[in-house]
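Reader: Could you take me through this model and show how each label is earned? I would like to see the cut-offs next to the values.

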Amino acid sequence: MLDKRFIRDNPDVVKQAVRVKGLDLDVDELLKLDQENRELQFAKDQALSRRKSSAKEFAKADAARKEELRAQSADTDAELKRLAEQQAATNERLTELMLATPTIPWEGAPVGPDESANTVVRTWGTPPTFDFETLDHVDLAEKRGWAEFARARRVAGERAYALCGDLVLLERALHSYALDVLRGRDFQLMSVPVLVKEAPLVGTGMLPKGRAEIYEIPADDAYLAGTAEVALVGLHSGEILDAARLPIRYAGISTCFRREIGSASRDVRGLLRVHQFEKVEQFVVCADDLAESDRWHAELLATAEGILQALGLAYEVVECSTGDMGVGKYRMNDINTWFPSLGMYRETHSCSSLKDWQARRANLRYRTPDGQIHFAYTLNNTAVATPRLLAAVLENFQRADATLAVPEVLRPYLGGRDSL
């Protein structure tokens, strides 16, 4: 959500952001409703002032004047009721449009409609070569008895999976390693709720636009969150934090749920695009200072890269285009990891800066030492998300005999084992 004053003062800038992000938003309608709302509020204030004046005069008036004042008061009450109804209707539509307003994207972001316009910033590592016929992660996991796909689909439907034996331990090792990395960077570890109310989803920007992607539980007026970010923003919604607490750094671990409505025919095989997954999320709340936000963006990105480098996985970093980054993003960098079976890099991490877009929706503020109140800036990035990253490890570290070479940094979490 943007500041209304910013929209009033910079309508062309907002319209340009709407265009480059490919959004269906009528900025002129928003401005018209905002003006109507302010005019209605002024009329209400005037009517309330008249009613207050009449009340003061009533106490001293004679009988005839009191009768006139009663009639005027009835007219004023009727006017206030009418104005309140008009303002409620105007505010409902205005709020709908305000929730759809985009963050103004970083000037360096490629302009384009979708991920096809993304540009590669850098690559790290060399994709492995093999002197044997490799297996994709599905065949390898099934050959070793590390996963159940057909049986899991009987239990839970398409895109379901069940991990078995050593693959469970390997997944836990990835998450434990990521948590230790973040703990060493002074991130507070947080295991958060996955069952959430609507308000935190609106606060993060997942609703109302993304409703089709979210699992809803109507009987409990609740939803299943697609990322720990939802709860982490919601934890401080409506609060005014002391500036001395900033930056807040959270490492949120949770099970995540996404319906993947827009990808019904994509990646139906195996572990690449599933409805339920596990993730450690990096999340930062900082002061509303662009330079500080940029520093945190670089640090969150570097931390994710460091995890992949320590694992020995080749990857590329891309600058996401205006049409790919989403409504609330100021800047977004994806990290795509190499998958031998696909012969290409696939997204495993997404690093996003949102400036105060989420904080305004969630009413997340802080107070400076001089007493001023500001909306905070928020950022997030994946640390580890499985089973997709788990699939990358399987494919990149497989051996000819279908055993798996364990990356060195994960061995302490597997009792020192170097092979599975």
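Author: Gladly. Alanine 402 is found in the segment after H12; helices (H or I, at least four residues) and strands (E, at least two) are DSSP runs, numbered from the N terminus. This is a predicted model, in which local features need pLDDT of at least 70, side-chain atom pairs count only at pLDDT 80 or more, and totals for chains, interfaces and linings use all residues. Residues are numbered from 1 along each chain as its sequence is written, and side-chain values use heavy atoms, with hydrogens and water left out.

Reader: Why is alanine 402 called buried?

Author: Buried means under 20% relative accessible area, exposed over 50%, and partly exposed in between, using a 1.4 Å probe and protein chains only. Alanine 402 has a relative accessible area of 4%, so it counts as buried. Its phi is near 70°, a positive value in a residue other than glycine. Most residues other than glycine have a negative phi.

Reader: Which other residue has a positive phi although it is not a glycine?

Author: Arginine 159 does, with a phi of about 65°. Arginine 159 sits in the loop between helix H6 (150-156) and strand S3 (162-163), and at 8% relative accessibility it is buried.

Reader: What makes S1 and S4 edge strands?

Author: Two strands pair if DSSP finds at least two bridges between them. Strand S1 (119-124) and strand S4 (188-191) each pair on one side only. The open sheet has eight strands, ordered S1-S11-S12-S13-S16-S10-S9-S4, with mixed pairing.

Reader: How do you know that S9 and S10 pair, and how many bridges join them?

Author: Strand S9 (residues 248-257) and strand S10 (residues 276-286) are joined by 10 bridges and run antiparallel; the rule asks for at least two, so they pair. One example is glycine 252 of S9, whose bridge partner in S10 is glutamate 281.

Reader: Why is S11 described as largely enclosed by the rest of the structure?

Author: Five of the five residues of S11 are buried, so the description fits. On one side are Tyr315, Val317 and Glu319, on the other Glu316 and Val318, and both faces are covered. In a regular strand the side chains alternate between the two faces of the sheet. Five bridges join S11 to S1, and five join S11 to S12, with antiparallel pairing to S1 and to S12. Valine 120 has valine 318 as its bridge partner in S11, while glutamate 319 stands opposite asparagine 333 in S12.

Reader: Why do cysteine 286 and cysteine 320 form no disulfide with cysteine 351?

Author: A disulfide is a pair of cysteine sulfur atoms within 2.5 Å. The closest cysteine sulfur to that of cysteine 286 belongs to cysteine 351, 12 Å away, so it is too far for a bond. For cysteine 320 the closest is again in cysteine 351, at 9.7 Å, which is also too far. The structure holds zero disulfides.

Reader: What makes a group of residues a nonpolar core, and which residues have the most contacts inside the largest one?

Author: A nonpolar core is a set of buried Ala, Val, Leu, Ile, Met, Phe, Trp, Tyr and Cys residues joined through side-chain atoms within 4.5 Å. The largest has 57 residues, and those with the most contacts inside it are Leu167, Leu170, Leu174, Ile307, Leu389, Leu404 and Leu410. Nine residues, the largest share of this core, come from H7.
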